[in-house]
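Hi everyone, thanks for coming. I'd like to walk you through one model today, going from the overall layout down to a few single residues. Here it is on the screen.

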Amino acid sequence: MPGDFPLDPIVATFARYGLRKASMEDVAAALGVSRQALYLRHGSKGALIGWATKALIDASLAAALASIEQPAKTLADRLVDALDAWVGRHMAALHASPHGVEIVAMLQRDPSDAVRTAERRLVAAMAEAIRLSGPGSAVARAGSMAQALCWTSRGLVHAVPDHASFRRQMEHIVGALVAR
């Protein structure tokens, strides 16, 4: 099955060469397998990119949802952790890659159904957390707040120089929205 290959070397190869220029041979070399093995599993480079994108989205969503389910943390901390798991943790790789802009542009221009579905699930989970734990003024607008926080986190990735700045800014923004 496609999951037999580790995701990190695949993502690193596409980040290094770009989506268009990376070849199946480059990916196979990074994985230590034959090009034929990749084609047997995925059929095409497009299918491999699709699988890797979905696997990355699934892993990010799972980490984000797990962050929301941390009862010992404050609501603000849980929301920041979730947004960091969703987009913030990818910042360094995108900024380090000479093809980061190309990858982001592709996802923004034509986000896959997987991206849209995952973000809807994250927004719903964040909204529920706000409804259950937020201050009274936030409860009525929990869905709008959650969506705005997701959009803000995606934009902030491009507006700040590093991951630490991303965390600080998200803490400030989330804190202002869910302050009691």
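Before I read out the layout, a word on what I call a helix: helices here are DSSP runs of H or I with at least four residues, numbered from the N terminus. And please keep in mind that this is a predicted model.

With that in hand, the pattern along the sequence is α-α-α-α-α-α-α-α-α-α-α. In other words, the protein has eleven helices and zero strands. Of its 180 residues, 40% are buried. How much of the contact network joins residues at least 24 apart? If we take contacts between residues at least 6 apart in sequence, the share is 67%.

Let's go to α4, which covers residues 45-68. This helix has 24 residues, and from its first C-alpha to its last it reaches 35 Å, close to the 34 Å expected at 1.5 Å a residue. Its buried residues are Leu48, Ile49, Ala52, Thr53, Ala55, Ile57, Ser60, Leu61, Ala64, Ser67 and Ile68. When you look at a list like that, remember the helical repeat: an α-helix has 3.6 residues a turn, so residues three or four places apart point the same way.

Who packs against α4? One partner is α5, residues 75-86, with the two axes 8 Å apart at an angle of about 175°. Anything over 145 degrees counts as roughly antiparallel, so that is what we call α4 and α5. On the α4 side, the contact is made by Ile57, Ser60, Leu61, Ala63, Ala64, Ser67 and Ile68, and α5 brings Arg78, Asp81, Ala82, Ala85 and Trp86. Sorted by class, this contact has eight nonpolar, two polar and two charged residues.

Just past that helix, have a look at His90, in the loop between α5 and α6. Is His90 buried or exposed? Its relative accessibility is 19%, and the cut-off for buried is under 20%, so His90 counts as buried. Setting aside neighbours within four places in sequence, His90 is in contact with Leu56, Ser60 and Ala85. Ser60 and Ala85 were also named in the contact between α4 and α5.

Another partner of α4 is α1. Their axes come within 10 Å and cross at roughly 115°, and the crossing is left-handed. From α1 the contact takes Leu7, Ile10, Val11 and Phe14, while α4 supplies Lys45, Leu48, Ile49, Trp51, Ala52, Ala55 and Leu56. The classes here are ten nonpolar, no polar and one charged.

Helix α1, residues 7-17, also packs on α2, residues 24-31, at an angle of about 135° and with the axes 9 Å apart. That angle makes α1 and α2 oblique to each other. What is the hand of this crossing? α1 passes α2 in a right-handed crossing. Pro9, Ile10, Thr13, Phe14 and Tyr17 of α1 meet Asp26, Val27, Ala30 and Leu31 of α2. By class, the α1 and α2 contact has seven nonpolar, one polar and one charged residues.

Now on to α8, by way of the loop that leads there. Ser112 sits between α7 and α8, and at 28% relative accessibility Ser112 counts as partly exposed. The C-alpha atoms of Ser112 and Lys54 are separated by 8.7 Å, although the two residues are 58 apart along the chain.

Helix α8 itself runs over residues 113-133, and its 21 residues should span 30 Å at 1.5 Å a residue; the end C-alpha atoms are 30 Å apart, which agrees. Buried in α8 are Ala118, Glu119, Leu122, Val123, Met126, Ala127, Ala129 and Ile130. Arg120 lies in α8 as well, but at 54% relative accessibility Arg120 counts as exposed. Its C-alpha is 9.8 Å from that of Cys150, 30 residues away in sequence.

My last stop is Ala138, in helix α9, residues 136-139. At 0% relative accessibility, Ala138 counts as buried. Not counting residues up to four places away in sequence, Ala138 touches Ile130 and Met145. That links back to α8, where Ile130 is among the buried residues. Which residue is 40 places from Ala138 in sequence and 6.6 Å away, C-alpha to C-alpha? That is Val178.

That's my tour, and I'm happy to go back to any part of it on the screen.

Technical notes:
Residues numbered from 1 in each chain as written. Predicted model: local features only at pLDDT ≥ 70, side-chain atom pairs only at ≥ 80, totals over all residues. Heavy atoms only, no water. Axes fitted to C-alpha atoms, helices over the stretch in contact; angles between N-to-C directions. Helix = DSSP H or I, 4+ residues; strand = E, 2+ residues; numbered from the N terminus. Parallel < 35°, antiparallel > 145°, perpendicular 65-115°, else oblique. Left-handed = near helix turned anticlockwise from the far one by under 90°. Contact = heavy atoms within 4.5 Å. Nonpolar A, V, L, I, M, F, W, Y, C, P; charged D, E, K, R; others polar. Expected span 1.5 Å × (residues − 1). Buried < 20%, exposed > 50% of the residue type's maximum accessible area, 1.4 Å probe, protein only.
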